[in-house]
Amino acid sequence: MHEINPPQDIEQLKQRVQIIAGMTLSELAVSVNISVPDDLRREKGWVGQLVEKVLGATAGNKAEPDFINLGIELKTLPIDKKGRPSESTYVCVVPLKHTKGLHWENSLVKAKLNHVLWIPVESDKQIHLANRKVGMGIFWQANNETELALADDFNEFIERISLGEVESITADQGNLLQIRPKAANASVVTQGIGDEGQFIKTLPRGFYLRPAFTKKIISDWRSGTQ
DNA sequence: GGATGATCATAT
DNA sequence: ATATGATCATCC
């Protein structure tokens, strides 16, 4: 089985997206010669990594959009039996130091969310993982209003982090974005800024998109208003 | 049932 | 330790 090359242009990516729409995860797994786990408990990123391979995304852990030549970020979106996103969407790690001069315009969050390819995937646990189907992919870009709202959230978070308030940020903050732990476990530490400006050891955090936000993305798409 | 905080696998 | 891919587990 050969590797699937990155799509050369967005048209080629759109073709691939159309081909996989309606297929099961089992069918996709066969096409790239990997096996389907019994469940996701020990392989939480399996669906995302499968779709990456199938669409020819550059596998890896680089802090940049998946299709770097197209400026497009790939995200699978778990969809429950009611047709709504069942989980939040991880965006990227939260910078906890070197926040000086960091703002929305030069942020990784903006770079990744500039253009997103959402691939809906059934997440209902009553459907065996292998039999869950992929939906029609959605190419999405924020409108001006949405981008301003994202920027507001982002800038407020960065301000608090700069002020040494990282440890008092909870998932309640933010309208579209939120900050939550992002680590193998609660004992992992990274360097951050403390309340007196000193370096501290703290839990790594990630930016996530709230389910209510991704829900609106797909409902807008379905109603054709985009 | 939904949201928050915790966690799992893998690569570098 | 840091980044990617996320979902799990528990509490309300």
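Is D220 buried, partly exposed or exposed? With a relative accessible area of 22%, D220 counts as partly exposed. Keep in mind as we go that this is a predicted model.

Let's stay with D220 for a moment, since it has a partner. Its side chain meets that of K216 in a salt bridge, with 2.7 Å from N to O. Both residues sit in helix α6, which covers residues 211-223, and being four residues apart there puts about one helical turn between them. K216 is partly exposed too, at 48% relative accessibility.

What is going on in a pairing like this? Side chains of opposite charge can pair when their charged atoms come close. A search of the whole structure turns up seven salt bridges, and a couple of others are worth a stop.

Take K110 and E147, whose side chains meet in a salt bridge at 2.9 Å, N to O. K110 belongs to helix α4 and E147 to helix α5, so this pair ties together parts that are 37 residues apart in sequence. E147 is partly exposed, with a relative accessible area of 23%. There's also a third member here: E105, K110 and E147 are linked in a network of salt bridges. Elsewhere, E64 and K62 bring their side chains together in a salt bridge of 4.0 Å, N to O. E64 counts as partly exposed, at 27% relative accessibility.

Now for some charges on the surface. K81, K82, R84 and K215 gather there in a patch of positive charge. To find R84, look in the loop between β1 (73-79) and β2 (89-93). R84 is partly exposed, at a relative accessible area of 33%.

Next, the aromatic rings. Searching the whole structure gives six aromatic pairs. In one of them, W104 and F154 have ring centres 5.9 Å apart and planes at 65 degrees, so the pair is edge-to-face. This pair links distant parts of the chain: W104 lies in the loop between β2 and α4 (108-113), while F154 lies in helix α5 (residues 144-162), 50 residues apart. Both W104 and F154 are buried. They have company as well, as ring pairs link W104, F154, F157 and F207 into a cluster.

Back towards the start of the chain, have a look at Q18 in helix α1, residues 10-20. Q18 counts as exposed, at 55% relative accessibility. Follow the chain for 117 residues and you get to G135, yet the C-alpha atoms of Q18 and G135 are separated by 9.1 Å.

Finally, two loop residues have a backbone angle to look at. Which value does phi take in N33? Phi of N33 is near 60 degrees, a positive value in a residue other than glycine. You'll find N33 in the loop between α2 (25-31) and α3 (46-55), and it is exposed, with a relative accessible area of 56%. H98 also has a positive phi without being a glycine, with a value near 55 degrees. Its place is in the loop between β2 and α4, and H98 is exposed, with a relative accessible area of 66%. That loop between β2 and α4 is also where W104 lies, so one loop holds an exposed H98 and a buried W104.

Conventions. Residues are numbered from 1 along each chain as its sequence is written. Chains are lettered from A and ligands numbered from 1 in the order in which they are written. This is a predicted model: local features need pLDDT of at least 70, side-chain atom pairs count only at pLDDT 80 or more; totals for chains, interfaces and linings use all residues. Side-chain values use heavy atoms; hydrogens and water are left out. Patches are made of residues with over 30% relative accessible area and no salt bridge: like charges are joined within 9 Å, nonpolar side chains (Val, Leu, Ile, Met, Phe, Trp, Tyr) within 5 Å. Accessible areas come from the Shrake-Rupley method with a 1.4 Å probe; for residues, only the protein chains shown count as cover. Lys and Arg count as positive and Asp and Glu as negative; His and the chain ends are not counted. The place of a charge is taken as NZ of Lys, CZ of Arg, CG of Asp or CD of Glu. Buried means under 20% relative accessible area, exposed over 50%, partly exposed in between (1.4 Å probe, protein chains only). Rings of Phe, Tyr and Trp (its six-membered ring) pair if their centres lie within 6.5 Å; planes under 30 degrees apart count as stacked, over 60 as edge-to-face and the rest as tilted.
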